[in-house]
Amino acid sequence: MRRFAAYILLMLATLVGGVCTLSAQELKLGVDFATLFDNTEYASMDGVSSGTLFGARLTPKVGVEWQERNSLVVGADLYQDFGDSKFLSTAKLQLYYAYNAPQVKLYAGILPRSAMKGLCSPLFFDPSYCYYNNSISGVLARYEAAASPSYVEFTMDYTGMRTFDTREAFAIMSSGKHSFSAHGWLSYGYDFYMGHYAKDYNPDTRDGVVDNIMLVPYVEYESAELGRMGSYPLTMCARLSYVQSLQRDRINENAWDHPFGGELLIGFKWAGLELSNRLYVGRGSLLTYYNRYGADVYHCMPLYRTDKGIYDAIALAYGRRFFDNTVGIKAGITMENDGTGWGTRQWLQVDVALDYGVSLKRKQTME
């Protein structure tokens, strides 16, 4: 921990020192905070276990912005699991360059996961995984249309450095969406994920080399307003997706498994409340090798591992932001069925996002 703190102080000193060599720049200061309670009750379901995640995360950051579109940022993700006796459960680095133009976004380095626009479905990432893995290590590029919500995005996340135990782990991701109008009420798009996980072969653990590919094209409807109940509008969203997966363990089976299915999501929102139903029906388990590799390979909702061909989630949630959009609250309960029984999931998250800019008046380069 002392070594990590020394690295952060050194980088901050280097970054602030570098400010003096630039002209008419702006110093950006900020801090993000989030606390998550995530409790699952899966006693009546086969093959999954119940559990509770409860902790807090603080992400202080400092950066330099120049020419209005370029930023260089350094920060730290500081995690504390409640009940952990250590001073910090985990400390992780954020360090990235960002180019932010009206239609083009570019990132390189260790960047916040919130910069990614696509792959929001639990088919790819469980909400608790995103909370505890708040960063992407690699690059992100996105083009956004000027007059509609249409976009296309590419991301590479390198999560495993080659060591004696793990050769490498990375994911290549892409998403795109095209809307037929500026309001985006009807659109189509895709999400693509290609994960690669490689480990030295060990006869005891049977660790191999796994390719995990998923392509999800979809059509989506989002209403601007169905009507009004009191002073709040009632809106609706619906998304119909086709889910195609290709998975292979090169050392063990060395044959492609290709489970597939369809998913329908329907949701209604009013005054911060949301009632939704997510129904997946398919053939085969979408997490073919979960029993062998678990979360090392699969970062999605674990209940997609069911081999019963069905996963249904009925959720009632509340989410609002307050105080000039700086404080957010999300809470809800989900009833889930994986073909073997019903379970529940309850969650509560409070987050704070503060960003400030300080103009730097120095105009001349230091010698």
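**Cavity, cores and backbone of the predicted model**

The largest cavity encloses about 100 Å³ of space. The structure is a predicted model. One cavity of 30 Å³ or more is counted. Its lining draws on separate parts of the sequence. Leu123 and Phe124 contribute to the lining of the largest cavity, as do Tyr193, Asn212 and Met214. Leu286 also lines the largest cavity, together with the run Val297, Tyr298, His299 and Cys300. By class, this lining holds eight nonpolar residues and two polar ones. No charged residue takes part in the lining.

The packing of nonpolar side chains was examined next. The largest nonpolar core comprises 40 residues. Leu123, Phe124, Phe125 and Tyr304 have the most contacts inside this core. Several strands and one helix give two or more residues to the core. The strands are β4 (90–100), β5 (104–112), β6 (135–144), β8 (166–179), β9 (186–202), β10 (207–222) and β15 (310–322). The helix is α3 (290–293). Apart from this core lies another, of five residues. Among its members are Ala34, Leu36, Tyr79 and Tyr132.

Core and cavity share residues. Leu123 and Phe124 are among the residues with the most contacts inside the largest core, and both line the largest cavity. Phe125 has contacts beyond its neighbours within four places in sequence. Its partners there are Arg113, Met116, Leu119, Cys130, Met173, Tyr193, His299 and Cys300. Of these partners, Tyr193, His299 and Cys300 also belong to the cavity lining.

Backbone torsions were then considered. Most residues other than glycine have a negative phi. Gln67 has a positive phi, near 50 degrees. Gln67 sits in the loop between β2 (51–66) and β3 (70–81). Gln67 counts as exposed because its relative accessibility is 65%, and exposed means over 50%. Ala271 also has a positive phi, of about 55 degrees, and is not a glycine. Ala271 lies in the loop between β13 (260–270) and β14 (273–283).

Confidence was assessed along the chain. The mean pLDDT is 87. A pLDDT of 70 or more is reached by 87% of the residues. Residues 19–23 have a pLDDT below 50. This stretch makes eleven contacts in the model beyond near neighbours in sequence. Residues 362–367 also have a pLDDT below 50. Beyond near neighbours in sequence, residues 362–367 make ten contacts in the model.

Note on methods:
Residues numbered from 1 in each chain as written. Predicted model: local features only at pLDDT ≥ 70, side-chain atom pairs only at ≥ 80, totals over all residues. Heavy atoms only, no water. 1 Å grid on protein atoms, 1.4 Å probe; cavity = no way out; pocket = protein on both sides within 12 Å on 5 of 7 lines; lining within 4 Å. Points joined across faces, edges and corners; volume = space filled by probe spheres on them. Nonpolar A, V, L, I, M, F, W, Y, C, P; charged D, E, K, R; others polar. Core = buried A, V, L, I, M, F, W, Y, C linked by side-chain atoms within 4.5 Å. Buried < 20%, exposed > 50% of the residue type's maximum accessible area, 1.4 Å probe, protein only. Helix = DSSP H or I, 4+ residues; strand = E, 2+ residues; numbered from the N terminus. Contact = heavy atoms within 4.5 Å. pLDDT = per-residue confidence, 0-100.
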